[in-house]
Amino acid sequence: MTIAHPRRRWLQQTALAAAATAFAPRVLFARAETDRRFVFIIQRGAADGLNTVIPYADPAYAGLRRELAIDPAQAIRLDGSFALHPALAATGELYRAGQALFLHAVASPYRERSHFDGQNVLETGGTRPYQRKDGWLNRLLGMLPGLKDAEAIALAPTVPLALRGQGRVASYAPSALPAPPDDLLLRVQQLYEPDAQLHTLWDAALEARDMAGPGRTRQNPAELGKLAATFLKRPDGPRIAMVETGGWDTHAGQNARLAAQLKNLDALLAALKEHLGDAWTRTVVLVATEFGRTAAVNGTGGTDHGTGSAAMLVGGAVRGGRVIADWPGLGPSQLLEARDLRPTLGLPTLIAATAAECFALDPGRTLQTLYPGQTAAGRLPGLLTS
Amino acid sequence: MAVHEPAMPGIALNRFGLGTRPDDTAPADGRRWLLEQLGRYEPRPAAWDPLPASGDLVRDTVARQREIRDTPSDQQAPAREALRKAQRQHYLDAIDMRTLSALDAPTPFVERLVHFWANHFAISAENPAVAMLAGSFEADAIRPHVLGRFENMVLAVERHPAMLLFLNQNASIGPGSVAATRATRRNPAQQRGLNENLAREIMELHTLGVRSGYGQEDVTEFARALTGWSVAGLGAPDTPRRGVELDQGTGYAFQAERHEPGPRTVLGRRYGQAGQQQAAAIIRDFARADATARHVATKLARHFVADNPPPAVVERLARAYRDHDGELKPVYQALIASPEAWRPAPAKFKTPWEWLVSALRGLGRTDLQGVRVAALMQQLGQPLWRPGSPAGYDDVAGSWAAPDALMRRVELAGRLASLPDAGMDARQLAPRLLPGQLGEATATALSRAESGRTAMALLLVSPEFLRR
């Protein structure tokens, strides 16, 4: 086996890794510059922000939500206006420890109500669906000095759109199949060598597999958080990871399903913190969804596709213990199209500001790279510890 | 004009079909081989014989749920568990039926169309009741209609209990309907009403396509028209009652009392029909719309020709659709006639399902002894009938041609090649499976492999075999 990309030695665990060091004198320098870890958790399916970060003090909340309204006495009180869903117990602890920050009435520029288009806008950083083919997280990779080469990993069997693009990216998901014979691996390697697409995929697959080590893990939220942490905490590991969560589309019977979803998210975040150890203090986790859900409960104990939602920043590097919201209100005249939470903060503003602070990049240039042609929507105070 | 096309039999078998079997004779004329399949397709091949009728499955579930409710609450758990297990078994059985009918299908091109349409009208089996009905959904709503008129497939799909349950339509109630008025009288605090999930996905995914010019009010109006479309016992009474039109075979029930009264206006057109005919009329108009012709044409072209389909092919298929008022056969004929579909370089990376089926066919299997398809599809990243979203699985390689997914194919190829009856010689098999398509590098690699098993596994993950 040859090492085509010596910089990706974080993925090597064989004796070959030692050889790679000789080719990579810039590694240590680059590491020292960016010791921060950035994790993007996408909530696919339009997570209900109003029942995640609950505006319990808004006089219209209880009436709109009727049987879905969450009793403030059961929820985790954040401040005089907002409370956290009771399933987010560990996240609530992080808030109290000043390591979780919630943002409300947030939305991407997308204003229709298709999941797939909404996710496309959220992941590409375009203003309309299918305007761009690459993802903002991949473009962020290109902004980090010396970190262009497979410094990001998707904890999924396939690479999500946000991570697709010019920058090389690894993907890893635990597998329950027995390992194939080495002979086959070696010959596959030779066979794919001249094939640009297969060669690239195969290299990344082999290396991610090496790094994950022999202990194969099951797909549950805590295991997924642990797995992400094992990659991210390595001194020579990737600095950026993306985790996909699905199942947030709650048209019917929402209360039980949302509670289960949030409990999973809570377990994922708690496992990340636990297994990152010291690296947690240098970590920022951003949680966002493609759009929100209707302010009012629908006829089947659920909510339909809406606009504004909530986002979270969690991690040891977050200046937390705050809810940031230019709250638009839930009164009939305050809702967007008389049905949705009106957004007052753009996801591009939030994502670009977080990424810029996380990696000490110029904020204006970061916004232009991640969201070409877009201007900041809404204002934000400093989000992270310096 | 005679054009020498050495790759043509391979393209017909692999790009349009389900992959070559060792006992296949490569067709001399690929186009003719595909066209004549349109004349001898069997909607219900023998592999599907053991499938219970959807109506029976629904009735059985309703009865068992009723029994559970009537038992003391501390004894309900085992009965619930047994029901869930039975529902899951129906799902697993149907996966085997689908796979078996793909392994020795006499009309592999039409079988591929079945898989294509089942993904277009995707249901997702997270919910045990939807999982239980996934096989009958494909057998009842897709298989009989793939060569007919599109609108008939849409109507069968949207009335099937699997779709109604998946997209929550069984629970949607017209706010001004008899049922809602009565419920409000009984319990004013409980609000019951519309669920627009099915309406939106019919417009966005099944027919017109997203961004084709409809607005929120069109979706809501259509959702009102759809109220009353329900499932017997799960949203509607399971015995015929006044105002309930029940289809015993599928378990679909129209419940007039839940239907929102009055005329509806969708996309500027007024629909004054009564009862279930109202939504049916709207769906028929959707099926005839220009946007639908383009949507269907684009998806077919993307599936068979290229991830970014050539505009000329899309235009040709859309025209065939319009000229024949939504008849699907002429659309397939236009596809087969398209020169772009016969370019020798493989443009498509096989999906996990296409790859698994072609690998099993390549190994000559006609049975599943020892192969657990449901588990394998899970490992390959695309569990069957479970895309997790009503949009189905994406049909572009970027979605699944990822490092880990490739590793799993290699792992699985190693396993399949070591099955006891896989002891064929890969060197002789390769040119049969990839007629006119096998490259020299792969042929050399097969001949140099250390063992027959490795050679066989290598063939199944060779660049030529991974693509079509």
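Reader: Is B:Asp325 buried, partly exposed or exposed?

Author: This is a predicted model. B:Asp325 has a relative accessibility of 40%, so the residue counts as partly exposed, the band between under 20% and over 50%.

Reader: Where in chain B does B:Asp325 lie?

Author: B:Asp325 sits in the loop that joins helix 14 (311–323) to helix 15 (329–337) of chain B. The backbone of B:Asp325 has a positive phi, about 50°, although the residue is not a glycine. The side chain takes part in a network of salt bridges. The other members of that network are B:Arg149, B:Glu151, B:Arg269, B:Arg284, B:Asp285 and B:Arg288.

Reader: Which other residue has a positive phi although it is not a glycine?

Author: One such residue is B:Trp385, with phi about 55°. B:Trp385 is in the loop between helix 17 (373–379) and helix 18 (403–417) of chain B. B:Trp385 is buried, because its relative accessible area is 7%.

Reader: How should I read a salt bridge?

Author: Side chains of opposite charge can pair when their charged atoms come close. Over all chains, a search of the whole structure gives 48 salt bridges. In one of them, B:Asp290 pairs with B:Arg322, with 2.7 Å between the closest N and O atoms. The pair joins distant parts of the chain, 32 residues apart: B:Asp290 is in helix 13 (residues 290–304) and B:Arg322 in helix 14 of chain B. B:Asp290 is partly exposed at 43% relative accessible area, and B:Arg322 is partly exposed at 34%.

Reader: Which residue forms a salt bridge with A:Arg293, and how far apart are the closest N and O atoms?

Author: The partner is A:Asp249, at 3.0 Å. A:Arg293 belongs to the loop between strand 9 (283–289) and strand 10 (309–314) of chain A, and A:Asp249 to the loop between strand 8 (240–245) and helix 10 (254–276). The two residues are 44 apart along the chain, and both are buried. Another salt bridge joins A:Arg339 and A:Asp340, at 3.3 Å from N to O. A:Arg339 is buried with a relative accessible area of 15%, and A:Asp340 is buried with 0%.

Reader: How is the contact between the two chains described?

Author: The size of an interface is often given as the accessible area lost when the parts come together. Here chain B and chain A bury about 4,300 Å² between them, and carbon and sulfur atoms give 59% of that area. B:Pro403, B:Met407 and B:Glu411 supply 15% of what chain B buries against chain A, more than any other three residues. The contact involves 57 residues of chain B and 46 residues of chain A.

Reader: How many salt bridges and polar contacts cross the interface?

Author: There are three salt bridges between chain B and chain A, and 13 residue pairs in polar contact. Helix 18 of chain B gives the largest share of the side that touches chain A, 11 residues. By class, that side of chain B has 28 nonpolar, 16 polar and 13 charged residues. One salt bridge in the structure is formed by A:Asp117 and B:Arg211, whose closest N and O atoms are 2.1 Å apart.

Reader: Which helix of chain A contains A:Asp117 as a buried residue?

Author: A:Asp117 is among the buried residues of helix 5 of chain A. The helix spans residues 115–124, and 10 of its 10 residues are buried, so helix 5 is largely enclosed by the rest of the structure. At the start of the helix, a side-chain oxygen of A:Ser114 comes to within 3.2 Å of the backbone nitrogen of A:Asp117. After the helix comes A:Gly125, with a positive phi near 85°.

Reader: How far can I trust the coordinates?

Author: Where pLDDT is low, the predicted coordinates should not be read in detail. In chain A, pLDDT stays under 50 over residues 1–32. The mean for chain A is 86, and 86% of its residues reach 70 or more. Chain B averages 94, with 98% of the residues scoring at least 70. For the model, ipTM is 0.87 and pTM is 0.81.

Notes:
Residues are numbered from 1 along each chain as its sequence is written. Chains are lettered from A and ligands numbered from 1 in the order in which they are written. This is a predicted model: local features need pLDDT of at least 70, side-chain atom pairs count only at pLDDT 80 or more; totals for chains, interfaces and linings use all residues. Side-chain values use heavy atoms; hydrogens and water are left out. pLDDT is the predictor's confidence in each residue, from 0 to 100. Helices (H or I, at least four residues) and strands (E, at least two) are DSSP runs, numbered from the N terminus. Buried means under 20% relative accessible area, exposed over 50%, partly exposed in between (1.4 Å probe, protein chains only). Contact means heavy atoms within 4.5 Å. Buried area is the accessible area (1.4 Å probe) that two parts lose on being put together, summed over both. A salt bridge is a side-chain nitrogen of Lys or Arg within 4 Å of a carboxyl oxygen of Asp or Glu. A polar contact is a pair of N or O atoms within 3.5 Å; within protein, one must be able to donate a hydrogen and the other to accept it, and residues adjacent in sequence count only if both atoms are side-chain atoms. Ala, Val, Leu, Ile, Met, Phe, Trp, Tyr, Cys and Pro count as nonpolar, Asp, Glu, Lys and Arg as charged, and the others, Gly among them, as polar.
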